[in-house]
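Student: I would like to learn how the words used to describe a protein model are justified. Could you take me through some of them, setting each value against its definition?

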Amino acid sequence: MLKSVQLRVRATVRHVVNFIFAVALASAFLGISPSAQAAGKLNIYNWGDYINPDVLTRFTEDTGIEVTLDTYGSNEEMLAKIQAGATGYDIVFPSVHVRDIMQKLGLLYDAKVNTLKGFENIDPANMRSLVDPESSFCLPYAWGAVGIFYNKAEAGEIKSWADFFALPDKGKKITMLDDLRETIGVALIMNGHSVNTTDSDELKQAEAWLLERKDKVSAYSYDIVSLVQSGDIAAAHWYVGATLYTLEEPDKLGFVIPEEGATMYQEDICVLDTAPNKDSAIRFMEFYMQPEMAALNTVQQVNGTANMPARDLLSPELRANPNTNPPPEVIAKLQIFEDLGEDLRKYNSVWTKVRTAQ
């Protein structure tokens, strides 16, 4: 999941945005686009910079619904705030394993998403919820891999986690995400285990693996983009959104899904049970399921979209990029997180020991 960083639409795909707007304009002339209706409100709580502002602007222009946006930096931050009683938000954007937790806790509204206009555009392969496999409560909308973002001059050619962890021995700095599931997940993958294991011995093995490499990691952080760009950090454990920067500076920056395997994420759009503007929230979901809107967001986020027709609106560069659209053999090595229930405390214990070790 992307940490709050300032994203911008890169020049190499600017023509895609123009094409999307041309499609939308043509639709309006044909009477397809809905006209603006009575004003309403929609309060969104989302990852920082994880939605294209043009999508929100277009939604207001088309519907008359006024949008406010608050942001969070992690699933845990969002969940804690909602559990603490935060009210007023209509929709949130949790990763799929967290939306499963939220549904079990009774925090989500059954919006009957799979009956809404446009749901036929959603790829069944992205309906990954274990508690809501038919996607009645939430809308799958984006997915991507987590891998290695690197400075080519500092790191050289990177293909694997082994290459990544060899860099400190060459006097180069590396960072990992400040995220217990993601970072412990790397250790589990490297030891041949599931990133959802609850086996205590396997988790101890992952803990030992991370502790052995603790002195190699300069920091556990999300905020590394400028440091990789400058070469202050040679390589970082980060999200596929880094592809945005690699396309802008392909001779300088790279991103790779490590050959040993990696984690992947999926983001869903969910209506909160306490949402004061449920009708507006459902209108937004239907609006977002229009292919040109899903594509407009994908162009900025450079991740995968669950909207099948939207994929055809993307530039050849994005469609052919092996990070944003990995081949089947790479996808086969990607693991997605599941809700661990009470066993999450085992991960918390491992993470505490890793983060506090001297």
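Tutor: Let us begin with a definition: a residue is buried when its relative accessible area is under 20%, exposed when it is over 50%, and partly exposed in between. Please keep in mind throughout that this is a predicted model.

Student: What makes Lys112 count as partly exposed?

Tutor: The relative accessibility of Lys112 is 41%, and partly exposed is the class between the limits of 20% and 50%, so Lys112 counts as partly exposed. Lys112 sits in the loop between α4 and β4, and its phi is near 50°, a positive value in a residue other than glycine.

Student: Why is Thr352 called partly exposed?

Tutor: The reasoning is the one we have just used: Thr352 has a relative accessible area of 47%, and the word exposed needs a value over 50%, so Thr352 is called partly exposed. Thr352 belongs to helix α16, and its C-alpha is 8.9 Å in space from that of Leu180, although 172 residues separate Thr352 and Leu180 in sequence.

Student: Why is Val302 called buried?

Tutor: Val302 has a relative accessible area of 1%, and the limit for buried is under 20%, so Val302 is called buried. Val302 lies in the loop between α12 and β10, and it has a positive phi of about 50° although it is not a glycine.

Student: What makes a positive phi worth pointing out?

Tutor: Most residues other than glycine have a negative phi.

Student: How do you know that helix α12 is mostly covered?

Tutor: Helix α12 runs over residues 291–301, and 10 of its 11 residues are buried, so the helix is described as mostly covered. Among the buried residues of α12 are Met293, Leu296 and Val299, and Val302, with its positive phi, comes just after this helix.

Student: Why is Thr175 called buried, and which residues does it touch?

Tutor: With a relative accessible area of 2%, Thr175 is buried, because that word is used for values under 20%. Thr175 lies in strand β5, which covers residues 174–176. Leaving aside its neighbours within four places in sequence, Thr175 is in contact with residues including Phe164, Val217, Ile224, Ala235 and His237.

Student: How do you know that Cys138 and Cys270 form a disulfide?

Tutor: A pair of cysteine sulfur atoms counts as a disulfide when they are within 2.5 Å, and the sulfur atoms of Cys138 and Cys270 are 2.1 Å apart, so the pair meets the definition. A search of the whole structure finds one disulfide. The angle about the S-S bond is 120°, and the link of Cys138 and Cys270 is right-handed.

Student: What makes this pair a link between distant parts of the chain?

Tutor: Cys138 is in strand β4 and Cys270 is in strand β9, 132 residues apart. Cys138 is buried, with a relative accessible area of 0%, and Cys270 is buried too, also with a value of 0%.

Student: What makes a set of residues a nonpolar core?

Tutor: The members must be buried residues of certain kinds, Phe and Met among them, joined through side-chain atoms within 4.5 Å. The largest nonpolar core has 80 residues, of which Phe93, Met102, Phe149 and Phe284 touch the most other members. Strand β4 gives the largest share of this core, eight residues. Leaving aside neighbours within four places in sequence, Phe284 is in contact with residues including Leu42, Val55, Phe59, Phe93 and Ile269. A second, separate core of 29 residues includes Ile174, Val217, Ala235 and Tyr347.

Student: Which residues line the second largest pocket, and what kinds are they?

Tutor: The lining has 15 residues, and Glu76, Leu79, Ile101, Asp339 and Leu344 lie nearest the centre of the pocket. The elements that give two or more residues to this lining are α3, α4, α7 and α16, and α3 gives the most, with four residues. By class, the lining has six nonpolar, five polar and four charged residues, and about 290 Å³ of space lies in the pocket.

Student: How many residues of the whole chain are buried?

Tutor: Of the 358 residues of the protein chain, 56% count as buried, and the chain has 16 helices and 11 strands.

Methods. Residues are numbered from 1 along each chain as its sequence is written. This is a predicted model: local features need pLDDT of at least 70, side-chain atom pairs count only at pLDDT 80 or more; totals for chains, interfaces and linings use all residues. Side-chain values use heavy atoms; hydrogens and water are left out. Buried means under 20% relative accessible area, exposed over 50%, partly exposed in between (1.4 Å probe, protein chains only). Contact means heavy atoms within 4.5 Å. On a 1 Å grid over the protein atoms alone, a cavity is a set of points where a 1.4 Å probe fits but cannot get out, and a pocket is an open set with protein on both sides within 12 Å along at least five of seven lines; lining residues have an atom within 4 Å of a point. Grid points are joined across faces, edges and corners, and a volume is the space filled by probe spheres set on the points. Ala, Val, Leu, Ile, Met, Phe, Trp, Tyr, Cys and Pro count as nonpolar, Asp, Glu, Lys and Arg as charged, and the others, Gly among them, as polar.
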